[in-house]
Amino acid sequence: MASGVSSEPAILDAMGLAADPELEFRFTESAHRILADLVSGGAALGWVEPPSRDEVAELFGHVISAVQAGDAALRAAYLDRRLVGLGYWLRYARPTHRPHADLEKIAVDAAVQGRGVGRALTAALVADAREAGIEVLTLDTRGDNGHALHLYRSLGFTEYGRLPGFVAVGEHRYDKVFSMLDLRQQS
């Protein structure tokens, strides 16, 4: 890497993102680029076709509102002021499930995958969940996403269920794998 270029990502939370007007302004466009590129390449992010910019803007508008209400955490990974990854969790809405949250998306630009960005994002979101008093952090993963499954296991998540052939992408079917991290055991 060229001198002066950071190899470690800066992991910003929503407040850190909002504190930098330029990054905040470009966030939706950059997030859209990453998500659309990943989905185009077959990534398991919940879309079959790449999301539109408006869909991404609506999604992150909802996440930011939830962050402001104390019901979510958002993290953004930057290398030299370029968004290279993002992730968030949302607290469950049901009153009986409020102590828990679901890690809904971790997305890392294909150009930097394998460099620890996903691990750094996930670890920061786990720390945010612990700080917010979340008791159990859950997530689901498409069964063919071995890299994500390995990452989550390495961070202490355990599989608690699987729906065989549940995820439909055209004619292809994949298992939906449910994992959890019980933060009560780590307090």
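**Two helix pairs and two residues**

In this predicted model, helix α2 and helix α3 meet through two sets of residues, with F27, T28, E29, A31, H32 and L35 on the side of α2 and R53, V56, A57 and F60 on the side of α3. Sorted by class, the residues of this contact comprise six that are nonpolar, two that are polar and two that are charged. Helix α2 covers residues 21–40 and helix α3 covers residues 53–68, and their axes come within 9 Å of each other while crossing at roughly 115°. The crossing of α2 past α3 is right-handed.

Helix α3 is also the place where H62 is found. Is H62 buried, exposed or partly exposed? Its relative accessibility is 47%, and because buried means under 20% and exposed means over 50%, H62 counts as partly exposed. Along the sequence, H62 is 28 residues apart from L90, while in space the two are 9.9 Å apart, taken from C-alpha to C-alpha.

A second pair of helices is formed by α4, which runs through residues 117–131, and α5, which runs through residues 146–154; the axes of these two come within 11 Å and cross at roughly 45°. That angle makes α4 oblique to α5, and the crossing of the two is right-handed. Where they touch, G118, R119 and T122 in α4 meet L151, Y152 and S154 in α5. The classes represented in this contact are two nonpolar residues, three polar residues and one charged residue.

The last stop is R142, which belongs to strand β5, a strand made up of residues 136–142. Is this arginine, R142, buried or exposed? With a relative accessibility of 13%, R142 counts as buried, because the cut-off for that label is under 20%. Which residues surround R142, once those up to four places away in sequence are set aside? R142 touches G42, A43 and A44, and it also touches L149, V167, V169, Y174 and D175. One of these neighbours, G42, has its backbone oxygen 3.1 Å from a polar atom of the side chain of R142. Taken together, R142 is a residue of strand β5 that counts as buried, whereas H62 is a residue of helix α3 that counts as partly exposed.

Definitions and conventions:
Residues are numbered from 1 along each chain as its sequence is written. This is a predicted model: local features need pLDDT of at least 70, side-chain atom pairs count only at pLDDT 80 or more; totals for chains, interfaces and linings use all residues. Side-chain values use heavy atoms; hydrogens and water are left out. Helices (H or I, at least four residues) and strands (E, at least two) are DSSP runs, numbered from the N terminus. Buried means under 20% relative accessible area, exposed over 50%, partly exposed in between (1.4 Å probe, protein chains only). A polar contact is a pair of N or O atoms within 3.5 Å; within protein, one must be able to donate a hydrogen and the other to accept it, and residues adjacent in sequence count only if both atoms are side-chain atoms. Contact means heavy atoms within 4.5 Å. Axes are lines fitted to C-alpha atoms, for helices over the stretch in contact, and angles run from 0 to 180 degrees between N-to-C directions. Angles under 35 degrees count as roughly parallel, over 145 as roughly antiparallel, 65 to 115 as roughly perpendicular and the rest as oblique. A crossing is left-handed if the near helix is turned anticlockwise from the far one by less than a right angle, and right-handed if clockwise. Ala, Val, Leu, Ile, Met, Phe, Trp, Tyr, Cys and Pro count as nonpolar, Asp, Glu, Lys and Arg as charged, and the others, Gly among them, as polar.
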